[in-house]
Amino acid sequence: MKILIVEDEFKLAQVLQQGLKEQGFVVEWAGDGSLGLELARGGDFDVVVLDVMLPGKNGFEVLCELRQSGSIVPVIMLTARNNVDDRVKGLDLGADDYLSKPFDFKELLARLRAILRRPKVELRTILRVADLELNVKSREVRRDGRPIELTPKEFGILEYLLSRKGLVLTKAMIMDHVWPSDADCQGGSNLVEVYVNHLRKKVDQDQAVKLIQTVRGSGYIIQERA
Ligand code: CA
């Protein structure tokens, strides 16, 4: 079981990490909201323990953006004591449970166990268009059954296109999604072009049906038909 702790209080984060590891959990820690969001989106976590008061993005913003991106990972919010508004807000934004600070470690364990007992919602692990398929978990890509080797960035772009199949994605959107930390760097849209061209060669070259299509002046789309 893999847990992400998003908590800026170093001592508390350390105590939690240590305690959870002793209980056999695999634990990752983020000390601010932005990193927390990035890890929560990318990592295959079973639970996220999310503090409200955080530098970068606060816990509500992290939760909101996480849910908007389609993630259904269970989230336990750490709220200030007796702050009913925070609890309500967290639950409204899609938190699964909350704990008021300060809390007993035993209580956190009990909440975690309760969440982990719930049946897991089946996640879409395979994204498809025509005879192209991408396995989100094993990170394998195949076209007509034949494996295609992609670099991490190429994989990221293809995964993004497939997850928004039939929709036009601008270069800026792709940049922001695949290069989130340096999206403002110069030559960004050229970079996207270069990578999409590499990706195309691997996916569409020698194929009668071209799946990755350019929408002139707008961006790219993946779909079966032109
Ligand atoms: Ca805090």
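Trainee: Is Asp8 buried, partly exposed or exposed?

Mentor: Happy to help, and do keep in mind that this is a predicted model. Buried means under 20% relative accessible area and exposed means over 50%, with partly exposed in between. Asp8 has a relative accessibility of 32%, so the residue counts as partly exposed.

Trainee: Which residues coordinate the calcium ion?

Mentor: Along the chain, the donors of this ion follow the spacing D-x42-D-x1-M. Two of the ligands, Asp8 and Met53, lie 45 residues apart, Asp8 in the loop between strand 1 and helix 1 and Met53 in the loop between strand 3 and helix 3. At 2.1 to 2.3 Å, the calcium ion is coordinated by Asp8 (OD), Asp51 (OD) and Met53 (O).

Trainee: Why does Met53 count as exposed?

Mentor: The cut-off for exposed is over 50% relative accessible area. Met53 counts as exposed because its relative accessible area is 65%.

Trainee: What do the buried residues of helix 1 pack against?

Mentor: Helix 1 covers residues 10-22 and reaches 18 Å from its first C-alpha to its last. Its buried residues are Ala13, Leu16, Gln17, Gly19 and Leu20. They pack against strand 1 (2-6), strand 2 (26-30) and helix 5 (105-117).

Trainee: How far apart in space are Tyr160 and His177?

Mentor: Tyr160 sits in helix 6, and with a relative accessible area of 6% it is buried. Leaving aside neighbours within four places in sequence, Tyr160 is in contact with Leu169, Met173, Ile174 and His177. Tyr160 and His177 are 17 residues apart in sequence, and their C-alpha to C-alpha distance is 7.7 Å.

Methods: Residues are numbered from 1 along each chain as its sequence is written. This is a predicted model: local features need pLDDT of at least 70, side-chain atom pairs count only at pLDDT 80 or more; totals for chains, interfaces and linings use all residues. Side-chain values use heavy atoms; hydrogens and water are left out. Helices (H or I, at least four residues) and strands (E, at least two) are DSSP runs, numbered from the N terminus. The expected span of a helix is 1.5 Å times one less than its number of residues. Buried means under 20% relative accessible area, exposed over 50%, partly exposed in between (1.4 Å probe, protein chains only). Contact means heavy atoms within 4.5 Å. Donors are N, O and S atoms within 2.8 Å of the metal (3.2 Å for Na, K and Ca); water is not among the atoms, so sites may look incomplete.
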